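This briefing goes with the sequence and model shown below. Please read the points with the structure open.

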Amino acid sequence: MVYIVFLGAPGAGKGTQAASVARKLKLVHIATGDLFRQALERGTELGLAVKSYMEKGVLVPDQITIGMVLERISAPDSGVGAVFDGFPRNLKQAEALDEALARQGKAIDKAVHIGVSEEALLKRLGGRRVCRQCQAPCHVSDSPPRVEGRCDKCGGELYQRPDDSEESIKKRLEVYSDETTPLIDYYRRAGKLLEVAGEGGVEAVGKRIVAALGGERL
Ligand code: AP5
Ligand code: MG
Ligand code: ZN
């Protein structure tokens, strides 16, 4: 049972790498952005509540986000451990997660921070396409799908996220810098931070993450 947090700016590769680590370690992948996008696709009440925040690139209110994650981690399948992707995103969320896990006699084991230059982030976000069905990301030039417009993993339709517009990207980078970067210190002080260089191809970065997490267990 392991609980891992992935930290990194928009486009750093959290979704790409968190999905792969979760698969290798047989943990559940809890991605708040993906959960919100699924709710939007289904037109649920949650989807309607988060739509405007997501489009603008600002954080969804903590009350909604924390409530959704606490519900997710109390589901039986999360008992095996989880990889958190895009959560926590501010100190209040990090403290709420620590408290909720502590109530179950558990704790975050490691926080992986994927560091990527702004230039590379912009290139990655500009060419990203995401699957409507399973949310897996790909990239039009760096990791193109085998069949144009279709997800390699499930065959679902690929689309460009509305918040991958120039204006939203700028806002998301600002929000990350103001609200989320303090978490790097939060996990460093707790002795849980693993810094991983996120430049280079998906596989190279994946190998670095596996090594940082203590390769042999993966
Ligand atoms: P969220 O969905 O979490 O978006 P984000 O943090 O902006 O991060 P991204 O998903 O854009 O990037 P990523 O790091 O996952 O990169 P990816 O692997 O896709 O959040 C969206 C919104 O939801 C927020 O703005 C907010 O409104 C709301 N929200 C979510 N969580 C919240 C929370 N906790 N609290 C409040 N609100 C919340 O990779 C990017 C691209 O690069 C892809 O095309 C990929 O193929 C490519 N790529 C990946 N790795 C490499 C590599 N090594 N080399 C080349 N290309 C690569
Ligand atoms: Mg993501
Ligand atoms: Zn898919």
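The points below cover a metal site, a ligand site and some local backbone features.

The model is predicted. Its zinc ion (ligand 3) is held by four cysteine sulfur atoms, those of C131, C134, C151 and C154. Ligand 1 is surrounded by 37 residues, and the protein buries 96% of the area that this ligand exposes when taken alone.

**Zinc site**

- The SG atoms of C131, C134, C151 and C154 coordinate the zinc ion (ligand 3) at 2.3 to 2.4 Å.
- The angles among the 4 donor atoms run from 96 to 116 degrees, and the site is tetrahedral. Four donors count as tetrahedral when all angles lie between 85 and 135 degrees, so this range qualifies.
- Along the chain, the donors of the zinc ion (ligand 3) are spaced as C-x2-C-x16-C-x2-C.
- C134 sits in the loop between β5 (128-131) and β6 (137-139), while C154 sits in the loop between β6 and β7 (158-159); the pair therefore ties together parts that are 20 residues apart in sequence.
- C134 is partly exposed, at 34% relative accessibility, and C154 is partly exposed as well, at 36%.

**Ligand 1 site**

- Among the 37 residues around ligand 1, those that come nearest are T16, V58, R89, R128 and R172.
- The side chain of R89 has an N or O atom 2.6 Å from an oxygen atom of ligand 1.
- The side chain of T32 places an N or O atom 2.7 Å from a nitrogen atom of ligand 1.
- G15 takes part through its backbone, where a polar atom is 2.9 Å from an oxygen atom of ligand 1.
- Taken alone, ligand 1 exposes 1000 Å², of which the protein buries 96%.
- Two or more shell residues come from each of α1 (14-25), α2 (32-42), α3 (45-56), α6 (118-126), β6 and α9 (202-212).
- Helix α2 gives the largest share of this shell, with 4 residues.
- By class, the shell around ligand 1 consists of 15 nonpolar, 13 polar and 9 charged residues.

**R37 and Q135**

- R37 belongs to helix α2 and is buried, at 9% relative accessibility.
- Q135 lies in the loop between β5 and β6 and is buried, at 5% relative accessibility. The cut-off for buried is under 20%, so both R37 and Q135 fall within it.
- The side chains of R37 and Q135 make a polar contact at 3.4 Å.
- Q135 is not a glycine, yet its phi is positive, at about 75 degrees.

**Other backbone features**

- Most residues other than glycine have a negative phi, and most peptide bonds are trans.
- K26 has a positive phi, near 55 degrees, and is a residue other than glycine. K26 is in the loop between α1 and β2 (28-31) and is exposed, with a relative accessible area of 68%.
- The peptide bond that joins F87 and P88 is cis, with omega about -5 degrees. P88 is in the loop between β3 (81-85) and α5 (91-103).

**E166**

- E166 is part of helix α7 (residues 166-180) and counts as exposed, at 75% relative accessibility.
- E166 and L122 are 44 residues apart in sequence, and their C-alpha atoms are 9.0 Å apart in space.

Key. Residues are numbered from 1 along each chain as its sequence is written. Chains are lettered from A and ligands numbered from 1 in the order in which they are written. This is a predicted model: local features need pLDDT of at least 70, side-chain atom pairs count only at pLDDT 80 or more; totals for chains, interfaces and linings use all residues. Side-chain values use heavy atoms; hydrogens and water are left out. Donors are N, O and S atoms within 2.8 Å of the metal (3.2 Å for Na, K and Ca); water is not among the atoms, so sites may look incomplete. Four donors count as tetrahedral if all angles lie between 85 and 135 degrees; four count as square planar and six as octahedral if opposite donors are over 155 degrees apart and all others between 65 and 115; anything else is irregular. Buried means under 20% relative accessible area, exposed over 50%, partly exposed in between (1.4 Å probe, protein chains only). A residue is near a molecule or strand if one of its heavy atoms lies within 4 Å of it. A polar contact is a pair of N or O atoms within 3.5 Å; within protein, one must be able to donate a hydrogen and the other to accept it, and residues adjacent in sequence count only if both atoms are side-chain atoms. Accessible areas come from the Shrake-Rupley method with a 1.4 Å probe; for residues, only the protein chains shown count as cover. Ala, Val, Leu, Ile, Met, Phe, Trp, Tyr, Cys and Pro count as nonpolar, Asp, Glu, Lys and Arg as charged, and the others, Gly among them, as polar.
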